[in-house]
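Visitor: Before we begin, may I ask you to explain how each description of this model is justified?
Guide: Certainly; each term will be set against its definition.

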Amino acid sequence: MAIEARIPTILRSYTDGAKAVEGSGATLADLFVDLDSRHAGIRERLVDGDGALQRFVNVYLNDEDVRFLGGAETPLSDGDVVTILPAVAGG
Amino acid sequence: MLKISEELRDQIVAHARRDHPDEACGVLAGPVGTGRPERFIPMLNAARSPTFYEFDSMEQLRVWREMDDRDEEPVVIYHSHTATEAHPSRTDIKLASEPGAHYVLVSTRDPDETEFRSFRIVDGEVEEEPVLIEDDVLGDRH
């Protein structure tokens, strides 16, 4: 199942500079495991030790914030586009 | 060094004053690779807080896609401090995630005088940089 993952500037050190990479997985969590198998280290930037999404990383499935869908357990389909953006936040 | 037009500087300050005592935040977009801020994009502070700011995630997706379509990038990311100096807080440094951006801090703690400063934040390291206000950017090219 081919999913396109769009990678933000700050995580492109894991993808040899690529803005988008292909991956596969039945859920977002599976996709992150798959991406980590070729781009080692990227998964821990996206999810915490319990597998939940990091608080200050936004992940979108097509046009939706996955927090409003199923979080890391959001199911994926062939042709989906997953966009990752670091949250812009501070104090 | 951050070069910025007087008009963009004034728009940031006006936004910060308008949202005081909550923190205001936003982006100046510019053509990729030029480092030149050109387009003022005020963002909602989803936290609506005097001590914290966070872009609304859906608005951020829309704005980031629009920049992509226009071959732009976030040249400046700005926010205000409403009771403290215009310097990145520990939280600002920890969460900074655009190593290529100028982080502009505005302080509205004084009702009459606005502090306006710019920083680079890369890998947890903060470096202040000079700000050059250009009152006639186009005129400089003649």
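**Burial, salt bridges and the chain contact**

Guide: B:E59 is buried, with a relative accessible area of 17%. The model is a predicted one, in which local features need pLDDT of at least 70 and side-chain atom pairs count only at pLDDT 80 or more, while totals for chains, interfaces and linings use all residues. Residues are numbered from 1 along each chain as its sequence is written, chains are lettered from A and ligands numbered from 1 in the order in which they are written, and side-chain values use heavy atoms, with hydrogens and water left out.

Visitor: Why is B:E59 called buried?
Guide: Buried means under 20% relative accessible area, exposed over 50% and partly exposed in between, with a 1.4 Å probe and protein chains only. B:E59 has 17%, so the residue counts as buried.

Visitor: What makes B:E59 and B:R62 a salt bridge?
Guide: The term requires a side-chain nitrogen of Lys or Arg within 4 Å of a carboxyl oxygen of Asp or Glu. The closest N and O atoms of B:E59 and B:R62 are 3.9 Å apart, so the pair meets the rule. B:R62 is partly exposed, at 48% relative accessibility. In helix α2 of chain B the two residues are 3 apart, which means a separation of about one helical turn; helices (H or I, at least four residues) and strands (E, at least two) are DSSP runs, numbered from the N terminus.

Visitor: Which parts of chain B does the salt bridge between B:E85 and B:R117 tie together?
Guide: The closest N and O atoms of B:E85 and B:R117 are 3.4 Å apart. B:E85 lies in the loop between β5 and α3 of chain B, and B:R117 in strand β7 (residues 115-122), so the pair ties together parts 32 residues apart in sequence. B:E85 is partly exposed at 38%, as B:R117 is at 21%.

Visitor: Is B:E129, which pairs with B:R120, buried or exposed?
Guide: B:E129 has 9% relative accessibility and therefore counts as buried, whereas B:R120, at 30%, is partly exposed. Their side chains form a salt bridge at 3.6 Å, N to O.

Visitor: How do you know that B:S107 is buried?
Guide: Its relative accessibility is 0%, so B:S107 counts as buried. B:S107 is found in strand β6 (residues 102-107) of chain B. Beyond residues up to four places away in sequence, B:S107 has contacts (heavy atoms within 4.5 Å) that include B:R17, B:H81 and B:E115.

Visitor: How many residues does each chain give to the contact between chain B and chain A?
Guide: Chain B gives 24 residues and chain A gives 20 residues. About 1800 Å² is buried between chain B and chain A, 54% of it on carbon and sulfur atoms; buried area is the accessible area (1.4 Å probe) that two parts lose on being put together, summed over both.

Visitor: What makes B:R65 and A:D63 a salt bridge?
Guide: The closest N and O atoms of B:R65 and A:D63 are 2.5 Å apart, so the pair satisfies the rule. The interface of chain B and chain A holds 2 salt bridges by this rule. The elements giving two or more residues to the side of chain B that touches chain A are β4 (53-54), α2 (57-69), β5 (72-81) and α3 (90-95) of chain B. With 7 residues, α2(B) gives the most to that side.
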